[in-house]
Amino acid sequence: MKKRKITSVFLALGLFASLLFQVPISAEEADQSAAVEASGTISTNSISGWPQASDISSEAAVVMENTTNTILYSKNADEVLFPGSTVKIMTCLLALENTQLTDEVTMTATGGGASISSQVDEVFTVEQCLYAIMVASANDIALQIAEHVGGSVDGFVQKMNTRAQELGCTNTVFTNPTGLP
């Protein structure tokens, strides 16, 4: 049972990583689609012989085949957007890398109140915290994990930015562990 839960977290992290490490199909095709992508349309529709895709309601999206790094669908892939709750994937990654699932996290004023309505001095395992973050998008728990792993929220944000650089995310800057603007 535990293995399935951990696998789910890793699958989410894998999806996040595959979105971060996108590589154009070829330089020629990237040049062809640059003008189209700038206008906010689907850049992969300009590739000769490639299946035409319908527009989607999302502002931006990328679908990539990860063994060949082939971009199957791309819409505004390089547009700078607020990351929202996808930030919580990095929060969970750092928690997994720096703690044990059985470690106990005691809620403080840093994490109290929102999302799952945790209470000051309430104790959760790291595993429970990861579920709360990924399933319930629990900002209170994300803040508490940040304090637990980084010593403070600011210390954790520094770890997030360092880890992003290590992963090759050159245009990524984290400001908090929740993704709230």
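1. The protein contains six helices and four strands. This is a predicted model. Along the sequence, its elements are arranged in the order α-α-β-β-α-β-β-α-α-α.

2. Of the 181 residues in the protein, 34% are buried. The exposed surface of the protein amounts to about 10,200 Å², and 55% of that area is supplied by carbon and sulfur atoms. Among contacts in the protein with a separation of 6 or more, 54% link residues that lie 24 or more positions apart.

3. Two of the helices deserve attention as a pair. Helix H3 spans residues 87–98 and helix H6 spans residues 153–166; their axes come within 10 Å and cross at roughly 95°. H3 is therefore roughly perpendicular to H6, because angles of 65 to 115 degrees are counted in that class.

4. On the H3 side, the contact is made by Val87, Met90, Thr91, Leu93, Leu94 and Glu97, while H6 contributes Phe156, Lys159, Met160, Arg163 and Ala164. By character, the residues of this contact between H3 and H6 comprise seven nonpolar, one polar and three charged.

5. A single residue may serve as a second point of reference. Glutamate 104 is located in strand E3, which covers residues 104–106. With a relative accessible area of 58%, glutamate 104 is exposed, since the term applies to values over 50%.

6. The surroundings of glutamate 104 may also be noted. Apart from neighbours within four places in sequence, glutamate 104 is in contact with Val123, Phe124, Thr125 and His148. The C-alpha atom of glutamate 104 is separated by 9.4 Å from that of cysteine 129, a residue 25 residues apart from glutamate 104 along the chain.

Methods:
Residues are numbered from 1 along each chain as its sequence is written. This is a predicted model: local features need pLDDT of at least 70, side-chain atom pairs count only at pLDDT 80 or more; totals for chains, interfaces and linings use all residues. Side-chain values use heavy atoms; hydrogens and water are left out. Buried means under 20% relative accessible area, exposed over 50%, partly exposed in between (1.4 Å probe, protein chains only). Contact means heavy atoms within 4.5 Å. Accessible areas come from the Shrake-Rupley method with a 1.4 Å probe; for residues, only the protein chains shown count as cover. Axes are lines fitted to C-alpha atoms, for helices over the stretch in contact, and angles run from 0 to 180 degrees between N-to-C directions. Angles under 35 degrees count as roughly parallel, over 145 as roughly antiparallel, 65 to 115 as roughly perpendicular and the rest as oblique. Ala, Val, Leu, Ile, Met, Phe, Trp, Tyr, Cys and Pro count as nonpolar, Asp, Glu, Lys and Arg as charged, and the others, Gly among them, as polar.
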